[in-house]
Amino acid sequence: MAKLQVIVDGRIIDEYRLTRGRISIGRRRHCDILLDNPAVSGDHALVERIGRDMYLEDRDSTNGTRLNGKPVRRQLLRLGDEIGIATYTLRYVGDEAPSQEGFEKTLMVTENNPGGGKVDTRALQAKIKAPGRGAHSGVSILCPLGVLRIMSGPGAGKELVLAKNLTTLGKVGVQVAVVTRRPQGYYLAHVEGENTLKVNGREMGAGPQCLTEGDLIEFMGVRMAFARKSGEIGEAT
């Protein structure tokens with residue numbers, strides 16, 4: 001069982017087992033891990049379970065959150081990581097290593113995801129309908145096949161083939177983004193939860209954005225690169 005050790009001046013003063021899906025950290029009394037220091041914000045940070053992995057998220061705190069000495073907004077936790085909040089260090093430890101399963105099991109949402117609920121793909125398609133004209137002949141002509149190459153996280157080095165009309169990323173009820181395949185190309189859009197999507201280092205707006213070769217996407221602590229499968233059309237669904 002993973003846990004957080006609270007360390008002050010090199011001494012472990014407390015530890016908390018991460019038995020719940022969300023562990024709040026801050027100065028307010030309702031926080032799961034209470035850090036009584038004026039430099040700690042009321043709701044300072046959050047540790048959240050997604051699949052078998054744990055993510056650290058800063059909650060727009062005044063003085064920020066550090067992971068292994070570097071400022072962090074949201075990041076996957078690995079055994080031995082040290083979270084810095086004011087004068088406190090919270091060390092992430094446990095009996096088992098973080099999940100090394102594929103990217104699909106940590107970020108992908110299927111229509112029957114038991115952990116995240118059911119995805120209404122028709123509603124999503126209507127919500128993120130891409131601009132431009134569609135085919136008028138009744139035949140769906142799709143753009144050349146694309147992939148997302150995983151650059152960080154447990155699935156680093158793998159490819160997610162974007163063969164379907166709609167590929168859903170994230171976790172229902174937390175954060176959801178979609179990649180749609182249209183005759184004009186691939187479009188990325190945020191549809192649920194806090195919008196932390198970034199493309200080439202810039203935060204995305206509310207509408208869909210057309211992806212181009214080499215675009216770097218950041219979502220839920222994972223970096224991905226969009227690329228084309230030259231000459232391949234793939235299967236439409």
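## The largest core

The largest nonpolar core holds 24 residues, and four of them touch the most other members: Leu148, Tyr186, Leu188 and Met224. Six strands each supply at least two residues of this core. They are strand 12 (146-150), strand 13 (159-162), strand 15 (175-182), strand 16 (185-193), strand 20 (216-219) and strand 21 (222-228). Strand 21 gives the most, with three residues. Where does this core lie with respect to domain 1 and domain 2? Domain 1 (2-94) and domain 2 (145-229) both give residues to the core, so it lies between them. There is also a second, separate core of 22 residues, which includes Val6, Ile23, Leu67 and Val72. In soluble globular proteins, nonpolar side chains tend to be buried together.

All of this comes from a predicted model.

## The chain as a whole

How many helices and strands does the chain have? There are two helices and 21 strands. The chain has 237 residues, and buried residues make up 45% of them. Now take the contacts with a separation of 6 or more. Residues 24 or more positions apart account for 45% of those contacts.

## Two members of the core

Start with Leu148. Neighbours within four places in sequence are left aside here. Leu148 is then in contact with Lys158, Glu159, Leu160, Leu162 and Leu169, and also with Ile217, Met224, Ala225 and Phe226. One of these contacts, Met224, is itself among the four core residues that touch the most other members.

Next comes Leu188, which lies in strand 16. Is Leu188 buried or exposed? Its relative accessible area is 1%, under the 20% cut-off, so Leu188 is buried. Not counting residues up to four places away in sequence, Leu188 touches ten residues by name: Val178, Val179, Leu197, Val199, Met204, Gly207, Pro208, Gln209, Leu211 and Ile217. Leu188 and Cys210 are 22 residues apart in sequence. In space, their C-alpha atoms are 6.4 Å apart.

## An open sheet of four strands

Strand 16 also belongs to an open sheet. Four strands form this sheet in the order 14-15-16-19, and the pairing is antiparallel. Which strands sit at the edges? Strand 14 (166-171) and strand 19 (209-210) do, and each pairs on one side only.

Strand 14 pairs with strand 15 in the antiparallel sense over six bridges. Two partners can be picked out on the structure. Thr167 has Val179 in strand 15 as its bridge partner. Lys171 has Gln175, also in strand 15. Is strand 14 enclosed or open to the outside, given its six residues? Six of the six are buried, so strand 14 is largely enclosed by the rest of the structure.

## Strands 5, 6 and 9

Strand 5 (residues 45-50) and strand 6 (residues 53-58) run antiparallel and are joined by six bridges. In this pairing, Leu46 stands opposite Glu57 in strand 6. The two strands form a hairpin with two residues between them. In the hairpin, Gly51 takes a positive phi near 65°.

Strand 6 has a second partner. It pairs with strand 9 (residues 74-76) in the antiparallel sense over three bridges. Here the bridge partner of Tyr55 is Leu76 in strand 9. Six of the six residues of strand 6 are buried, so the strand is largely enclosed by the rest of the structure. Which way do its residues point? Asp53, Tyr55 and Glu57 point one way, while Met54, Leu56 and Asp58 point the other way.

## Glu48, a buried residue

Glu48 lies in strand 5. Its relative accessible area is 4%, so it falls under the 20% cut-off and is buried. What does the side chain of Glu48 meet in a polar contact? It meets the side chain of Arg22, at 3.2 Å. Leaving out residues up to four places away in sequence, Glu48 touches Gly21, Arg22, Asp53, Met54, Tyr55, Arg74 and Val174.

## Cysteines

How many disulfides does a search of the whole structure find? The search finds zero. Cys31 has a relative accessible area of 7%, under 20%, so it is buried. Cys210 has 32%, which lies between 20% and 50%, so it is partly exposed.

Terms used. Residues numbered from 1 in each chain as written. Predicted model: local features only at pLDDT ≥ 70, side-chain atom pairs only at ≥ 80, totals over all residues. Heavy atoms only, no water. Buried < 20%, exposed > 50% of the residue type's maximum accessible area, 1.4 Å probe, protein only. Polar contact = N/O pair within 3.5 Å; in protein donor to acceptor, adjacent residues only side chain to side chain. Contact = heavy atoms within 4.5 Å. Core = buried A, V, L, I, M, F, W, Y, C linked by side-chain atoms within 4.5 Å. Domains from an automatic or database assignment. Pairing = 2+ DSSP bridges. Disulfide = S-S within 2.5 Å.
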